[in-house]
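Got the viewer open? Let's take a short walk through this structure, starting from the whole thing and then picking out pieces to select.

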Amino acid sequence: AEKAGLLSIQVRIDERDAGFLALGIAKATGKPVPVVVTSGSAVANLLPAIVEAFHSAVPVIVLSADRPASARGKSAPQTINQFGMFGTFVKSKIDVTTDHTDLIEVSKVIDSTITNRPGPVQVNVQFELPLLPDSENLAWQPKPPSLKSISKTEIEQKQITVPARGVFIVGDNADPESVQAIDQISQEIGWPVIWEPTANAHMLQNSISHGVVLLQADIAPKVDAVVTFGTVGLSRVILGLLKSAPIHLAIHSATSGSDLPDPVSSAKEIFDCVPKLETKTDPEWLSQWQVLDRKAASAVATALAPDTLTGPSAAQLVWEQTGKADQLFVAASWPVRHLEAYAAKRDGLQVFGNRGANGIDGLISTATGVGIGTSKRTVLLMGDIAFLHDLGGLNLGEGQVQPNLTIVVLDNNGSGIFSQLEQGAAEYQEHYEKVFGTPHGKDLWVIAESLGIPAKQVTTKTELKFALASFEKTPGIKVIVCLTGERKHENDLIKQIVAQVKSS
């Protein structure tokens with residue numbers, strides 16, 4: 001099929017990385033992508049990527065080879081009960097026997113990746129010896145596939161009356177049409193838009209850059225209604241707002257997974273598409289948010305002004321320096337939360353992330369897939385633990401397609417996110433580092449270079465800006481390691497910003 005020009009094959013030596021690579025390509029293109037593996041534990045290694053694909057509604061096809069059913073349960077080598085291994089994390093599955101192949105049924109399973117709500121499937125194929133085709137059949141030419149796009153059901157737009165003092169909260173989604181509808185409605189009724197980085201709502205007219213910081217500082221205006229779209233809830237203050245708002249309405253996009261977008265069970269109603277909102281507009285409501293947002297922006301700029309790198313300042317700089325036509329893939333944990341709090345609204349830039357299960361595994365491979373899928377310059381912003389978690393993603397092998405991918409690692413020698421949670425309190429410090437801080441003590445740029453990846457280590461914003469510029473025209477994968485200081489100091493900085501916003 002590849003020789004006939006009908007598809008391209010990417011090869012990885014690690015099935016787990018192959019699964020996340022397929023996830024990234026499918027996420028970027030919206031087309032079904034099969035990941036082909038042999039039997040046994042090879043299939044099991046796909047589970048993390050398939051879990052993410054299911055919760056992110058990404059069309060990945062597990063095409064798993066298997067031993068004949070007669071070999072199952074008999075201690076035959078590389079034979080496990082792999083059919084159905086993914087349980088509820090696939091939309092459908094089929095076990096193709098050695099003596100009968102029902103192509104119609106196989107096609108139905110494959111088609112289900114993009115019909116109704118998108119998602120992964122498993123096509124498990126049993127093989128009997130001999131495993132290779134006869135030599136006279138090697139000239140087989142496949143038929144060109146009939147490529148389909150993700151289907152959308154026409155849904156009637158409901159009309160609903162809401163209070164004047166409301167906000168949109170837009171989270172992770174793959175539905176730009178609905179985001180544009182929110183842009184239009186927010187302008188009509190004068191509502192601000194609070195956005196997460198992977199919402200791709202950072203360019204909307206009424207977008208608020210530092211809404212989360214305003215909520216953390218407890219100076220945001222009192223909200224009477226919240227309408228959410230996509231996967232929301234990176235920050236506890238957002239979840240708290242959903243709980244406290246008198247009215248919470250949620251929108252369940254046709255391109256999202258089957259889970260309801262209601263993280264704290266607060267939604268009074270869940271719509272299938274963006275409703276038409278009617279209200280008696282408050283002419284001062286939006287301006288109140290915008291005035292406070294400018295104050296927050298000033299406090300953030302002051303706090304992040306020093307040239308010495310911190311996690312927030314490095315994330316903010318990457319956000320500002322990545323080009324309009326580029327792609328940014330942002331990791332879970334602190335990187336995405338730094339952008340949620342400190343990134344300003346801007347034009348251009350498409351943002352991706354694995355927000356389905358919010359895991360930090362497979363991120364290098366997923367971002368590689370995003371870059372390969374679109375052939376665009378891609379920047380991956382991630383933490384040091386996530387980087388170490390997916391080192392196999394750097395091992396592309398000879399002759400493989402190289403993405404134009406710059407990996408920016410925020411290295412604070414461990415996991416910093418927990419310092420902001422309950423376990424970061426002083427009374428738990430005796431055990432905090434070992435269990436939650438998990439320091440690694442590794443020189444990450446050396447590890448990257450040992451795999452043949454160009455790498456730089458930086459300690460200032462000036463150095464980071466220069467490294468980003470110098471790598472912009474360099475092909476393939478590049479790594480920039482940002483030494484961001486002690487995790488305690490980063491945590492203190494975040495608290496300081498909130499305090500400054502509160503007092504300004």
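How many helices and strands does the secondary structure of the protein come to? The count is 16 helices and 18 strands, where helices (H or I, at least four residues) and strands (E, at least two) are DSSP runs numbered from the N terminus. Before you click around, know that this is a predicted model, in which local features need pLDDT of at least 70, side-chain atom pairs count only at pLDDT 80 or more, and totals for chains, interfaces and linings use all residues. Residues are numbered from 1 along each chain as its sequence is written, and side-chain values use heavy atoms, with hydrogens and water left out.

**The whole protein**

Zoom out. Along the principal axes, the C-alpha atoms fill a box of roughly 80 × 55 × 45 Å. The radius of gyration is 24 Å, which agrees with the value near 23 Å for a compact globule of 504 residues; that radius is taken over C-alpha atoms, and the globule rule is 2.2 Å times the number of residues to the power 0.38. Of the 504 residues, 50% are buried (under 20% relative accessible area, 1.4 Å probe, protein chains only).

**Stop one: a six-stranded sheet**

Select 207-208 and 269-271. These are β8 and β11, the edge strands, each pairing on one side only. They belong to an open sheet with parallel pairing in the order β8-β7-β6-β9-β10-β11; two strands pair if DSSP finds at least two bridges between them. Now add residues 193-195: this is β7, joined to β8 by two bridges in the parallel sense. For one of these bridges, click Val193, whose partner in β8 is Ser207.

Next, show residues 176-189. That's helix α5, which lies across β6 (166-170), β7 and β9 (225-229). Its direction is at about 165° to β6 (axes are lines fitted to C-alpha atoms, for helices over the stretch in contact, with angles from 0 to 180 degrees between N-to-C directions; contact means heavy atoms within 4.5 Å).

**Stop two: another open sheet**

Which order do the six strands take here? They run β14-β13-β15-β16-β18-β17, with parallel pairing. At the edges sit β14 (350-352) and β17 (455-458), each pairing on one side only. Neighbouring strands are turned by 20° against each other on average, direction ignored.

Finish by selecting 327-330, strand β13, which pairs with β14 in the parallel sense over three bridges. Click Gln327 and look for its bridge partner in β14, Gln350.
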